[in-house]
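Please look over the structure shown here with an eye to its empty spaces, its helices and its aromatic side chains. The briefing after it takes these topics one at a time.

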Amino acid sequence: MKNHDRLVLVTVIAFGLAMRAPIITIPLIIDQLARQLKTAVGNLGILTTIPLIMFLLFSIVAAKEMTRFGLRKALNFGLTALVLGALLRLHVTWPMLLAGTILVGLGITHLNVLTPSVVATYEPNHTAFYTTAYSLAIMVGSSVFSLLTHPLSSTFGWWSVLVVLLMLTMFPWLMWILFRLPVPLRSQAKRADNQSVKLIHEPDLKTTAAPLWQNRYAWCCLLMFGTQSLINYTLVAWLPELMRFNDISSGQISIVLAMYSAAGMPVSLLLPRFLETATHRSQIVMSIVVGLLTLLAAVLMFWQSSMPLVYWYYLSIITGAMTAFYFIMALTTFPLKTISPARTAQLSGLTQSGGYLIASFGPALYGLAFKSSPLGIMQIWCFAIVIVLCTLASFVVIKMPKI
């Protein structure tokens, strides 16, 4: 592997590590944050919703920033916001926590939208490999930080978790700066960056004749991404509280959440290459299997109060694998089934903006339902319906041509 390829690899891995851990970790220390702020835990639910709102509002904006300013400047802005947000959250007052979470959400939005364009721009011939690398980094980062949160908080205090998260956000920021250091790499990156902007501004009939919002495949990609995000962020926000209601210990909750993230690791390793080489029929069969296994977990939830601990392990593993499966399918679709890095950013922005609009309703609506009926039948039926919608939308995405 050449030095250029190594730097691209390390950079996308750094992006992946910082993409989910700053969000998934906060619910694990929300009790301590509430005590520090002398408020009820329910009042801090907005901290898990803010990132989704930022994804919703700024996913398309991030793609437009790339159009106007280029890939490098757009990522510079996003990574700076991410580091600044993590820094502000160290000062645990309500205004700083709120502002910091907004900036963290803004930074992660840029990583979500623009990382597929980094792959399409710098390594267009190795899409599967680099998608595997950064999607695996997302899963590893989430799993490791879920496991570390409880021992870190117990040993050094909950504030140490925020310090470690700051260090995690500084890693991709530093890598993106160091990415420019070697002169040959800098000139190559500059050419690629200019090309990505040029591809948007040039009057190319293939990219301008059919806006993405008029493309049914793009809408199915949005639906698939949105439904898996709805499941993911609702579980991340409320699964710990649901397990506490069912008398599961804090240590076991950390392990279950770690397993939720870890379940995506083998999916991250195998799925991008599978999507690149397998037939549509094989992909659809795989999607059906994943959907049915997740549907089984939803059905078993009707008897959750009498379920042993092993059920929660099964729920976390299968839903973690399911959300990773469709998340990575979307990530792989962005560069594989678009005709240019510019189009990649456009599809990524549209899909994630609309997808996170769908997902943003999940934690809040589930929270309202949980307060009235923690073991409610309505939540479980909604869970099952969302699984079916996600699986059906994936069939269309699998057959999606280049757009």
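What follows is a short lead and then grouped points on this model.

The model is predicted, and every value below is computed from it. Its largest pocket encloses about 510 Å³ of space, and the residues closest to the centre of that pocket are T234, Y366, Q379, C382 and F383, out of 28 that line it. One of these, Y366, also belongs to an aromatic cluster with W238, F245 and F370.

**The largest pocket**

- Three elements each give two or more residues to the lining of the largest pocket, namely α10 (216-245), α15 (341-372) and α16 (377-398).
- Helix α10 gives the most to this lining, with nine residues.
- By class, the lining of the largest pocket has 22 nonpolar and six polar residues, and no charged residues.

**The aromatic cluster**

- Across the whole structure, a search finds 12 aromatic pairs, among them W238 with Y366, which is a tilted pair with 6.0 Å from centre to centre and 45° between the planes.
- This pair links distant parts of the chain, since W238 sits in helix α10 and Y366 in helix α15, 128 residues apart.
- Y366 also pairs with F370, and here the rings are stacked, at 6.1 Å centre to centre with 25° between the planes.
- Both Y366 and F370 lie in helix α15, four residues apart, which is about one turn of the helix.
- An α-helix has 3.6 residues a turn, so residues three or four places apart point the same way.
- Y366 has a relative accessible area of 16% and therefore counts as buried, the cut-off being under 20%; F370 is buried as well.

**Enclosed cavities**

- The count comes to two cavities of 30 Å³ or more.
- The largest cavity holds about 40 Å³ of space and is lined by M19, R20, N112, I138, Y233, F327 and Y356.
- Five nonpolar residues, one polar residue and one charged residue make up the lining of the largest cavity.
- The second largest cavity also holds about 40 Å³, and I23, P27, T48, Y233, V236 and A237 line it.
- Helix α10 supplies the largest share of the lining of the second largest cavity, three residues, and by class this lining has five nonpolar residues, one polar residue and no charged residues.

**Helices α3, α4 and α5**

- Helix α3 (residues 46-69) has 24 residues that should span 34 Å at 1.5 Å a residue, and its end C-alpha atoms are 32 Å apart, which agrees.
- Even so, α3 bends by about 45° at F58, and the residue that follows this helix, G70, has a positive phi, near 100°.
- Helix α4 (residues 71-88) contains A86, which counts as buried because its relative accessibility is 5%.
- The C-alpha atoms of A86 and A99 are separated by 9.8 Å, with the two residues 13 residues apart along the chain.
- Helix α5 (residues 94-122) has 29 residues and reaches 41 Å from its first C-alpha to its last, close to the 42 Å expected at 1.5 Å a residue.
- A kink of about 40° lies in α5 at L114, shortly before the proline P116.
- Helix α5 is mostly covered, with 22 of its 29 residues buried.

How values were computed: Residues are numbered from 1 along each chain as its sequence is written. This is a predicted model: local features need pLDDT of at least 70, side-chain atom pairs count only at pLDDT 80 or more; totals for chains, interfaces and linings use all residues. Side-chain values use heavy atoms; hydrogens and water are left out. On a 1 Å grid over the protein atoms alone, a cavity is a set of points where a 1.4 Å probe fits but cannot get out, and a pocket is an open set with protein on both sides within 12 Å along at least five of seven lines; lining residues have an atom within 4 Å of a point. Grid points are joined across faces, edges and corners, and a volume is the space filled by probe spheres set on the points. Ala, Val, Leu, Ile, Met, Phe, Trp, Tyr, Cys and Pro count as nonpolar, Asp, Glu, Lys and Arg as charged, and the others, Gly among them, as polar. The expected span of a helix is 1.5 Å times one less than its number of residues. The bend at a residue is the angle between axes fitted to the seven residues ending there and the seven starting there. Buried means under 20% relative accessible area, exposed over 50%, partly exposed in between (1.4 Å probe, protein chains only). Rings of Phe, Tyr and Trp (its six-membered ring) pair if their centres lie within 6.5 Å; planes under 30 degrees apart count as stacked, over 60 as edge-to-face and the rest as tilted.
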